[in-house]
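I set out to look up a few local and overall features of this model. The entries follow in the order in which I made them.

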Amino acid sequence: MTDVLPRVDAPAESPATKTSRPWFSFLPQYLAISPFYILFAVFGIYPIFFAAYLALQRWDGIGPMEWAGLENFTFLLTDGEFWDAIINTLVIWVMSTVPMIVLALLVALGLNSAIRFKGVYRLAYFTPNVTSIVAMAIVFGSVFSEEFGIVNALLTAIGLDPVGWLSDPWGIKVTISAMIIWRWVGYNAIIFLAGLQAISPEVIEAAKIDGANAWQTFTKVTLPLLRPVLLFSVLMSAIGGMQVFVEPQILVGVSGGVENAGRTMVLYFYERAFQQNDFGYGAAIAWGIVIVVLLFALINWRLVQRPQRDGAAR
Amino acid sequence: MSPSLRVKVFGGVLMALGAILTIFPFYWLVVMATNTTADIYKTPPKLTFGPELVANITTMLERIDFFGALLNTVIVAVVTTLLVLFFDSLAAFTFAKYQFPGRNVLFGILLATFVIPMQMAAIPQFLIMAKLGWVGDLKALIIPAAANAFGIFWMRQYLSGGALPDELLEAARMDGCGFLRTYWHVGLPALRPALAFLGIFTFIGVWNDYVWPLIILVDPRHTTLQVALSLLKGLYSSDYAVIMAGTLVAVVPLLVIFLLGARHFIKNVAAGAVKG
């Protein structure tokens, strides 16, 4: 640090070689990487600590803050609405993720086979993923509408009773899940397809020579080899699934519709924090959500990581 | 038919059915946007395109400031994307090609930010914006998003994967290029394919962003497309043809951009996941 004169580098020296130059001679490099760190400090780190402080206050955002101690957190633990929101979120996650993974696997197998129009299929299945959730939630709302929805029109046409897709607690969950499935099947299929293509054809060939039929080859060879890719998908959907917000907000409103059936954790957070301006309690809910998300991601990680034999035993 | 052929035909039919189901909401969106609301409410519903698109769009334009919202969205999406491309590529280039004290620790911190769920920061972020006087201002959308960990990580991986040989950097040094000039003349050109992906990815994400704009753009007359759409739906919930016209017009520009770069884009999504 006392070396005031920066050493002049030999011209042949690569920029990547280690030197003992003083730190300020690296100023261009520090400046080059600084924008992310500055933004993250201001809009990431600081807010997180501030949220911890806020969660200990009683505050409507306008008047003076009042120290509340752990009051917000003890209330959170006994708040039935929050627990219901956790359960709703988990139920919607299961209802959407299980079919989504199965369908994505099927689509990936289809795309990996000798089928025509692969490019068109890839595009068709992937497009939902890049379309605005708000726009498509509006469309889904009318597709599943009880007065004029095409789904109920079809059900009536084949002699079945119309379903209260947006007025029945389970109908609401099914509709939200359907939309999540629709949005994510193609994305995951593309990822599974990349995983399938990474499996060498010789391995599959060897299984066939050993007398395995298609189903055995799939469950005993292909699926185990796909585990890393499956792990990625399950983890991503676990993290994303805990943060569902737009679908229920547009489909059934901020309160989550009939019996709050569509009220997810983040929807509840939004309602308390930004509609009722209960900033202190909102911050406590936010911390609650974070803990649930981390726990849930961890559980999923452990479950998928563990070598599972059930696929092979079936 | 042999069993294997039967499987093939069955699989082909399933794939086609699935694709039709997937595309159906888009088709239905166009059907509703081109018919009258009365047509939509008919039983059985009208299944084909109608002639009412222009009329529906005209009514929609009277109800919300669509072009204002479109302009805001374009501004936010373009400026954010350019800033992200610049800041992320500069940081990625530096991380990939330069040795400096604390490099590994700093990159580790960057990776760690991936796992921090940011929704817990929403209230304080709102309060910070209020302090800065940015509530209701597009700056509140652009500035916090101007650099992100994902892009830096993605492009650093790309550069470390051999996209930019050290000899090129050395040659630039010999020619007397300083750090910034080396980035501009050597780093950026090598990053071009990665920039294309990150650019589309960022643009789509910003265009579709809804929750933060909903929180921060408090003035319904000055908002982005997604928030304007939800307002249109909330305020005129019975007039479906008009809502659908607005939805259609809001979705089309992004779909066009996506379809132009789709091949490259989809390939990169898969590559990123399998490598990661």
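I located A:Asn277 in the loop between H12 and helix H13 (279-305) of chain A. I note that the model is predicted. For A:Asn277 I read a phi near 50 degrees, a positive value in a residue other than glycine. I then looked up its surroundings: A:Asn277 has 13 other C-beta atoms within 10 Å and is therefore partly exposed, since the partly exposed class lies between 12 or fewer neighbours and 20 or more.

I turned next to A:Asn260, which sits in the loop between helix H11 (246-252) and helix H12 (265-275) of chain A. Its phi is likewise near 50 degrees, positive although the residue is not glycine. Is A:Asn260 buried or exposed? I entered it as buried, because 20 C-beta neighbours lie inside 10 Å and the class begins at 20.

My next entry concerns a helix pair in chain A. Helix H7 (residues 169-197) and helix H10 (residues 227-241) of chain A pack with their axes 9 Å apart, at an angle of about 155 degrees. I therefore recorded H7(A) and H10(A) as roughly antiparallel to each other, given that angles over 145 degrees fall in that class. The crossing of H7(A) past H10(A) is right-handed. Which residues make the contact? From H7(A) I listed A:Trp184, A:Asn188, A:Ile191, A:Phe192 and A:Gly195, and from H10(A) A:Val229, A:Phe232, A:Ser233 and A:Ser237. I sorted the residues of this contact into 5 nonpolar, 4 polar and no charged.

I then examined where the two chains meet. Chain A brings 77 residues to the contact and chain B brings 76. On the side of chain B that touches chain A, helix H14 (residues 240-275) of chain B gives the most, with 15 residues. By type, this side of chain B divides into 56 nonpolar, 15 polar and 5 charged residues.

I closed with chain B as a whole. I found 14 helices and 0 strands in chain B. Its C-alpha atoms fill a box of roughly 75 × 70 × 35 Å along the principal axes. The radius of gyration of chain B is 24 Å, whereas a compact globule of 276 residues would have one near 19 Å. I noted 44% of the 276 residues in chain B as buried. Of the contacts in chain B with a separation of 6 or more, 74% join residues 24 or more positions apart.

Technical notes. Residues are numbered from 1 along each chain as its sequence is written. Chains are lettered from A and ligands numbered from 1 in the order in which they are written. This is a predicted model: local features need pLDDT of at least 70, side-chain atom pairs count only at pLDDT 80 or more; totals for chains, interfaces and linings use all residues. Axes are lines fitted to C-alpha atoms, for helices over the stretch in contact, and angles run from 0 to 180 degrees between N-to-C directions. Helices (H or I, at least four residues) and strands (E, at least two) are DSSP runs, numbered from the N terminus. Angles under 35 degrees count as roughly parallel, over 145 as roughly antiparallel, 65 to 115 as roughly perpendicular and the rest as oblique. A crossing is left-handed if the near helix is turned anticlockwise from the far one by less than a right angle, and right-handed if clockwise. Two residues are in contact if their C-beta atoms, placed from the backbone, lie within 7 Å. Ala, Val, Leu, Ile, Met, Phe, Trp, Tyr, Cys and Pro count as nonpolar, Asp, Glu, Lys and Arg as charged, and the others, Gly among them, as polar. The radius of gyration is taken over C-alpha atoms; the globule rule is 2.2 Å times the number of residues to the power 0.38.
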